[in-house]
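Please read the following report alongside the sequence and the coordinates, which are shown first.

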Amino acid sequence: MRALNRKLLRDLWHLRGQVLAIVAVIMGGVATLVMSLSTYDSLVETRERFYAEYRFAEVFAYLERAPEPVADRLRAIRGVERLETRVVAGARLEVAGFDDPITGRILSLPDVGEAGLNRLHMKRGRRVAPYSSDEVVLSDTFAEAHGLGPGDRVAAIISGKRRSLEVVGVAVSPEYIYQIAPGAMFPDFKRYGVLWMGRTALAAAHDMDGAFNNLTLTLARGAREQEVIDRLDQQLARFGGTGAYGRADQFSNRFLSEELKQLQTTATIFPTIFLGVAAFMLNVVISRLIALQREQVAILKAFGYSHLAIGWHFVKLVLVVVVLGVLAGSALGAWFGQGLAGVYQETTFRFPYLHYRLNPQVVLIALMVSALAAVSGSLFSVARAARLAPATGMQAEMPTAYRATLLERLGLQRWFSAPTRMILRHIERRPLKSLLTVFGIACAGGLMMVGNYQKDAIDFMVDVQFRQAAREDLAVTFIDPTSGRALHELRALPGVDHVEGFRDVPVILRHRNHEYRSSVYGIEPAGVLHRSLDRSLAPVRVPPEGIVLTDHLANNILHIQPGELLTVEMLEGRRQVLQVPVLGITRQFLGVSAYMQRDALNRLLHEGNVVSGAYLAIEPGREEAVYAALHERPRVLSMVANAAAIQSFYATIGEFVLFYNLVATLLAGSIGFGVVYNSARIALSERGRELASLRVLGFTRGEIAYILLGELALLALAAVPVGMLVGVGLVAILVQAFESDLYRLPLILTSANLALGATLIVVATLFSGLFIWRRLGRLDLVAVLKTRE
Amino acid sequence: MTSSTDAQPVFTALGLTKTYRMGEVEVQALRGIDLELYAGELIVLLGPSGSGKSTLLNILGGLDVPTRGRVSYLDHELSGADESELTRFRREHVGFVFQFYNLIPSLTARENVAAVTEIATAPMTPEAALELVGLGNRLDHFPAQLSGGEQQRVAIARAVAKNPAVLLCDEPTGALDSTTGVRVLEVLEQVNRELGTLTVLITHNAGIAAMADRVIRLSDGSIAEIRSNSDKTPARELSW
Ligand SMILES: Nc1ncnc2c1ncn2[C@@H]1O[C@H](COP(=O)(O)OP(=O)(O)OP(=O)(O)O)[C@@H](O)[C@H]1O
Ligand SMILES: [Mg+2]
């Protein structure tokens, strides 16, 4: 066996070009798997640890106001382990040197000692001093975005009163890992901030002395969350409770869970596609490679080696390649994974630390999938070669039977030169092999398109959301629902072009056993700023006496058809439960909502002309003036500027998309090149003898290159449209897999992306052609003539 | 068709040496060959295995270059020519026939010949070439549909179709039985006679030497003997 092992090493060396190309294919697939899964595992693990360490609460409730002693009655509810009350206030913030509107949320901390729940992880500075009246701790995202730290001052307008506050620390809370302003679409660290103040100081500012308007609790072991929530809701009803909810509905956690779910989908679907394609190519490439060793199989058999021993010999050869590929892929994947987890941590999951974790099982899965694909491919070929009697195997293979191609039988042969006929017949003679090659090359092109689809999808979604549906420049929310007369005042502000009022009410939507917590937006039926879009993305009027639901909400969450009745439980005011007919479906890619006409919604609530806020169109260049004017109005709770939101969104995800595109391009490129090069290289091995004979007969290198590379070019050309189809198919799979209430991806493929897929194929083919061209220069003419096939 | 010393030789070799170096070991395949071959001659190259026959033939045919010494074809210097000059030389002047036929399996008999005539300057038609080797009725058969002897005759047709000045055959009958071999030799003899092609034929079979104008015997890389054959035996009468 020692001699055989030496043969193995020498074969590997001899095939090094192809070995490298196959390693590249495996590496591409494995790296995607390792990167995605390790990123997912790391983030999940980090979240669990952070939640446990900082005692993230399990049930949350907001109410209007309850005297502090009520808390003791609530603590007595069975199943409550620990309950803490707080004061929470919405605010507008001002940071020196930054003129855009900033929305803030201020939470109270115990006057003395550390909070028992939702503890802060201090990144800088210290906690608020006992009973201090003007000290605050800032959330790290906000502090970072504005370069604020201990010693700086910020101003907050709480309940209409402006107060100057001193920053003493910067912290991360498990409650606000994911931060997004109410009504905003994306996180905006500059324009939304969470702050913590001493309880007494905040209660004084917010008119909550001796009372609370928020509570959080943890559950005792074995307690049923829903039971606790029900009891809590009973008790809080007369204090204006808006319904307690568990972690599943807690804003930050829900977004994190959704994001993690998306990531898990990514971690499943991308590697499945990449590794699947890689495994498929591996199988094809290896089986063709081993088929070339036919004679060697026969010789080994003649020596008396058993089928098993011969099979094992080739399996070893293949396994060496697989192990190399898996190792390289795991290393690259772990490296990418750390990068990706880092990018996530910076943009979405603002954990104060990250436990990077590469589960050995992931590498094992990668190894098994790759090994299975490779070994089955090689054993198939070895078995076929081993079935031949040794004598037959060693004999010159009968010249392969060819025939005139269909094109020629149609009488077109006079158009083809002999080399062209060789190309056509070779393709037609092994149609399956040609098809597999076309498909393999096409897959690489498709992968390229999948990698770059993301950016196009985001652009498209932003365009639909902000240039078709929500076209306002600024959304203003009032502290409480306000008389519609407020709109006149807004209209009168210099610089304001157009104003549309809206009314939004938090609700629970129910249909049969499906329910969803959301808001109903009452908008102007003839509004031009905030519109509802139909299936073809054209604006449609919201009908007068019914509700319009986002397609995803109607079809996939509530399972309701237009014409059916929807149960709407208002979580505000008198908390009516109403039956409202669904009268339309609106197409929306970001988030889900329910829309009504504002008047109709107000009628249902038995309220007159009331608005929660307004959408504003502002004359270009007058934004600052309008912001300043609005800052002076105490009833304005928050302002969200669309342009700024889009900009900050791109700033945060830009890095992510860039990273992702780079990785996807790299991996698709390596797979693409591996596939094309291998196809060409194997074709060269299979036909080297024929080509050398032609060289002997006086054909130039260019002329034989035409035969070999002409075939490759033809297959690559065929692969371009197939690759586009594969890309469309893969993107369709992604669209399906990524459907969630956070967003739905549109099925779009820009011509730039199609061109990119085609370019990958062309470039990979050119490079392979170049390598093959160089090899053709080294074709050994004499050796070919000494041996028979 | 005997050698005439006053005509210009087709091939002239002077001190032709070929050394293969494989690591430490040097193999002297040819050790100073001096040789002149003339138009229309039929030469048989004999010698034990490893004596350098194929090496010599490959150098004459422009498939290989000598380590030392000179070789020229008419006025063209072959030693020192670059790859593209050698390719042009093979393309315009040389026909090859090999022991293992080396036909293109994806082309029919006619097309195998056409593959060469398409790139030649003044070829005969593929049909005429195949007629010449007695395969005028198998034009559209693929190699897989032909016997070994028939494949070898297609290879000869392919080699002669471009009207080459020289025809180089390395053991053309090596893979064939005696009767089929004779049939192939008859074709070579006919081509040599009718087209006046200088033909060099390597064989292990001393019997075949009887059909040659001159017999060159190689031994260990040197010419051991050159014998002129005054009384040629027609190929048809050979057997082994
Ligand atoms: N590529 C090569 N590398 C090293 N040595 C070689 C190579 N080709 C030929 N030789 C050596 O050169 C010598 C002559 O070889 P050549 O092929 O010319 O012999 P031959 O007379 O044609 O033999 P045979 O009748 O067996 O075909 C031999 O000793 C051979 O081993
Ligand atoms: Mg030889």
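The report below goes through the basis of the model, selected helices, surface patches, salt bridges, long-range contacts and backbone angles.

## Basis of the model

This is a predicted model, in which local features need pLDDT of at least 70 and side-chain atom pairs count only at pLDDT 80 or more, while totals for chains, interfaces and linings use all residues. Residues are numbered from 1 along each chain as its sequence is written, chains are lettered from A and ligands numbered from 1 in the order in which they are written, and side-chain values use heavy atoms, with hydrogens and water left out.

## Two helices of chain A

Helices (H or I, at least four residues) and strands (E, at least two) are DSSP runs, numbered from the N terminus. The expected span of a helix is taken as 1.5 Å times one less than its number of residues. Helix 21 (residues 751-777) of chain A has 27 residues and should span 39 Å at 1.5 Å a residue, which agrees with the 38 Å between its end C-alpha atoms. For helix 13 of chain A, with 12 residues, a span of 16 Å is expected, and the end C-alpha atoms are indeed 16 Å apart.

In what follows, buried means under 20% relative accessible area, exposed over 50%, and partly exposed in between (1.4 Å probe, protein chains only). Helix 13 of chain A is mostly covered, with 10 of its 12 residues buried; among them are A:Met422, A:Ile423 and A:Leu424, and also the charged residues A:Arg421 and A:Arg425. The buried residues in helix 21 of chain A include A:Asn753, A:Gly757, A:Leu760, A:Ala764, A:Ser768 and A:Ile772.

## Surface patches

Patches are made of residues with over 30% relative accessible area and no salt bridge, like charges being joined within 9 Å and nonpolar side chains (Val, Leu, Ile, Met, Phe, Trp, Tyr) within 5 Å. Accessible areas come from the Shrake-Rupley method with a 1.4 Å probe, and for residues only the protein chains shown count as cover. Lys and Arg count as positive and Asp and Glu as negative, whereas His and the chain ends are not counted; the place of a charge is taken as NZ of Lys, CZ of Arg, CG of Asp or CD of Glu.

A positive patch on the surface is made up of A:Arg384, A:Arg387, A:Arg429 and A:Arg430. Of these residues, A:Arg430 lies in the loop between helix 13 (418-429) and helix 14 (431-469) of chain A, and its relative accessibility of 34% makes it partly exposed. A nonpolar patch is formed by A:Val323, A:Leu327, A:Leu364, A:Leu367 and A:Met368, which together have about 460 Å² of accessible area. Helix 9 (307-347) and helix 10 of chain A are the elements that give two or more residues to this nonpolar patch, and the largest share, 3 residues, comes from helix 10.

## Salt bridges

Side chains of opposite charge can pair when their charged atoms come close. With a salt bridge defined as a side-chain nitrogen of Lys or Arg within 4 Å of a carboxyl oxygen of Asp or Glu, the structure holds 48 of them over all chains.

In chain A, A:Arg119 and A:Glu114 meet in a salt bridge at 3.9 Å, N to O; A:Arg119 is partly exposed at 27% relative accessibility, and A:Glu114 is partly exposed at 42%. A:Arg622 pairs with A:Glu619, their closest N and O atoms being 3.4 Å apart, and here A:Arg622 is partly exposed at 33%, as A:Glu619 is at 30%. In chain B, the closest N and O atoms of B:Arg236 and B:Glu237 are 3.9 Å apart in a salt bridge, with B:Arg236 exposed at 56% and B:Glu237 exposed at 52%. A network of salt bridges links A:Lys123, A:Asp140, A:Glu144 and A:Arg350.

## Contacts across the sequence

A:Gly377, in helix 10 (residues 360-387) of chain A, is buried with a relative accessible area of 1%. Its C-alpha atom is 9.5 Å from that of A:Val318, with the two positions 59 residues apart in sequence numbering. B:Asp170, in strand 7 (residues 166-170) of chain B, counts as buried at 14% relative accessibility; B:Asp170 and B:Leu57 are 113 residues apart in sequence and 7.7 Å apart in space, C-alpha to C-alpha.

## Positive phi angles

A:Leu537 is not a glycine, yet has a positive phi of about 70°. This residue lies in the loop between strand 15 (532-533) and strand 16 (539-540) of chain A and counts as buried at 18% relative accessibility. B:Asn163, also not a glycine, has a positive phi of about 55°; B:Asn163 is placed in the loop between helix 5 (148-160) and strand 7 of chain B and is partly exposed, with a relative accessible area of 37%.
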